[in-house]
Amino acid sequence: MQFHHHGYVDHDPRLQAAAGVGIERSAELPEVMDVLIVGTGPAGMLLAAQLSAFPDIDARIIDSREERLRVGQADGVACRSVETFQAFGFAEDLIREAYHITETVFWGPDPANRGNIIRESRRPDDPRGLSEFPHLVCNQVRVQDKFAEVMANSPSRMGRDFGYEFVGQVREDGTEYPIVSTLRRTVGERAGEELTVRSKYLVGCDGARSNVRRSLGLKLRGDSANHAWGVMDVLVDTDFPDVRTKGVIQAHDGRSILLIPREGGHLVRFYVDLGEVPEGDNGSVRSTTVEQCVELANAILNPYTITVKQVAWSSVYEVGQRVADHFDDAVEGERAPRVFIAGDACHTHSAKAGQGMNVSMQDTFNLGWKLAHVLRGQAPESLLSTYSAERQRIAVDLITFDKQWSSLMAAGPLDPQHPERGGVDPEVIQEFYQRSFDFTMGFGTRYELAGLTGTDEFQSLATGYPLGERFRSAKAMRLADGNARELGHHHQADGRWRLYAFADAPAPGQASKLEDFAAWLSTDPASPVLRFTAEGADADSLFDAKVIYQQDYEHLSIMDAPEIFRPRIGPLQMMDYEKVYASLDGEDIFDARGVSREGAVVLVRPDMYVSAVLPLDRPELLAAHLDAVLQEPAVAAF
């Protein structure tokens, strides 16, 4: 973590000096703002935390609740989400307190006595080592609280505005704040009173029954699987040996349990299969009691038993997979989007794959930097149209996966003695689960939109950084201090692009492609660093450029690196020593990520997805790629 570059710091370095809208932030909701976010769930809180990094953006987040959520429904935290938390600075906090999933156990009917269950197999959680981060189980409340800390420590001092219900909105184009939202107070002496606020943009993160989606006339399309599940977070006394291991448990009659150990060492979540919901049920299945769920769980777990000591939370839900046709209010060829929906507001599915919170947060991670770019004059408003184009396809992929997984879980195990009764071979379920790990951990996302994602003409220069996929970290030696560091852990949720220059290794007397590339970045009028960085801003305020050398670090000096990789930052113009790296002996990043020894440029979007892979000696291709995304700022950045 870097600090002191603005002067000596003797307090918690995460607390940044108030600036811009944070200097005199009003406790009351203002009449006008840049962005109004509705809903303080994970999607809304990530977006708020991301926008809070910009003191020149006035964003507010509202919720109809009286106070912060105390019991969260989501629990699974995919490795990709932990990578994202690292960018916000709190991954280590949650890793320390969360439950770590390292394997999944599968239980099924005992062939000798199908009324009992036995352990069939153990499957490792990440057999291929796709992430250096663990797969976690952590209370949704803690995730939201961490985002709230980021907001409170940010220059804009952003907080949550509770007690405001979103009622509706109209769009009045031609004005500076065209979105006119009607809100209703829900708490206090003025409860029931309506008020009007205006914003440049509105984002609905207000759940499956989204009022923002309703105000746009959008509908979730899809169907219900007519299958119900009871879910309960409980403290139990049990003789079931795998109660502290994630488990998929199927009984002979087709009923099943998905068991998720929770953080803290004692809490356990049970998803209990309640079976098919008959036609005309009219929601009566939702009246299933916790006691009934416990009774059914004991029947499934036979010969083992559970005794519930305390119920922390419980609910009943019917599986449904639905997705909105698009995620904004744009009209193609007529108007750019101003209103967006994210998370459960635009896609719903079962909870058993642990995707709800994770995919929802990636929705707003995709949207947040784009809003910031447009609001700060760094990109044209057409950039905002890419949000729905990119994320809607991901949601469709999620629904497809969820239908497959839910169907397998609901089908019940195959009885080898009576195959005519139907069911699924347990091996099929176990292989599907492991085969789908890339997707469930958030690594199946691949953005392919032309402009934001380049062509694959030069993909062979860095095969370990597939275009459109998340930047996969690897270790390199930080030259200034001899510390081996995960390169991707320096990504921050600050709206900057990451530009990695993997250096060539010319023979003595040969020209250096890296030197020429660095000179072009620093001096050529076509350089995106010169064209798109606001006047008066730090040289790395938009592009965080790093160099990685092939040579052993002992034979290099940081002062040999071009100045573009040693920028001077902050009001004191202090040199940044953390952008120059070398490969590690025995753990060479060039080998680990398939980077050509001729060198390569890897450009990464602010949301950590690879945007382009290009040759070092074709800098004009970098300029052309970014010309399609960015614009020259009209005024200096804050």
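I looked up aspartate 223 first, in what is a predicted model. Its relative accessible area is 39%, so I logged aspartate 223 as partly exposed, between the 20% limit for buried and the 50% limit for exposed. I placed aspartate 223 in strand 12, which covers residues 220-238.

I then asked which residues aspartate 223 touches beyond four places away in sequence. The list is Gly320, Gln321, Arg322 and Lys403. For arginine 322 I also took the C-alpha separation from aspartate 223: 6.4 Å, with the two positions 99 residues apart along the chain.

Next I turned to the helices. I found that the axes of helix 7 (residues 356-375) and helix 8 (residues 385-411) come within 10 Å and cross at roughly 170°. An angle over 145 degrees counts as roughly antiparallel, so I entered helix 7 as roughly antiparallel to helix 8.

I listed the contact residues. Helix 7 contributes Val359, Gln362, Asp363, Asn366, Leu367 and Lys370, and helix 8 contributes Thr386, Tyr387, Glu390, Arg391 and Leu398. By class I noted four nonpolar, three polar and four charged residues in this contact.

I checked the length of helix 7. Its 20 residues at 1.5 Å a residue should span 28 Å, and the end C-alpha atoms are 29 Å apart, so the two agree. On burial, I recorded helix 7 as mostly covered, with 18 of its 20 residues buried. Just after helix 7, I noted glycine 377 with a positive phi of about 75°.

Last, I looked up the UniProt record. An unreviewed entry lists residues 447-632 as "domain: Phenol hydroxylase-like C-terminal dimerisation". Over residues 447-632 I read 16% helix and 23% strand, with the end C-alpha atoms 25 Å apart.

Key: Residues numbered from 1 in each chain as written. Predicted model: local features only at pLDDT ≥ 70, side-chain atom pairs only at ≥ 80, totals over all residues. Heavy atoms only, no water. Axes fitted to C-alpha atoms, helices over the stretch in contact; angles between N-to-C directions. Helix = DSSP H or I, 4+ residues; strand = E, 2+ residues; numbered from the N terminus. Parallel < 35°, antiparallel > 145°, perpendicular 65-115°, else oblique. Contact = heavy atoms within 4.5 Å. Nonpolar A, V, L, I, M, F, W, Y, C, P; charged D, E, K, R; others polar. Expected span 1.5 Å × (residues − 1). Buried < 20%, exposed > 50% of the residue type's maximum accessible area, 1.4 Å probe, protein only. UniProt positions renumbered as here; feature names shortened; annotations may be inferred.
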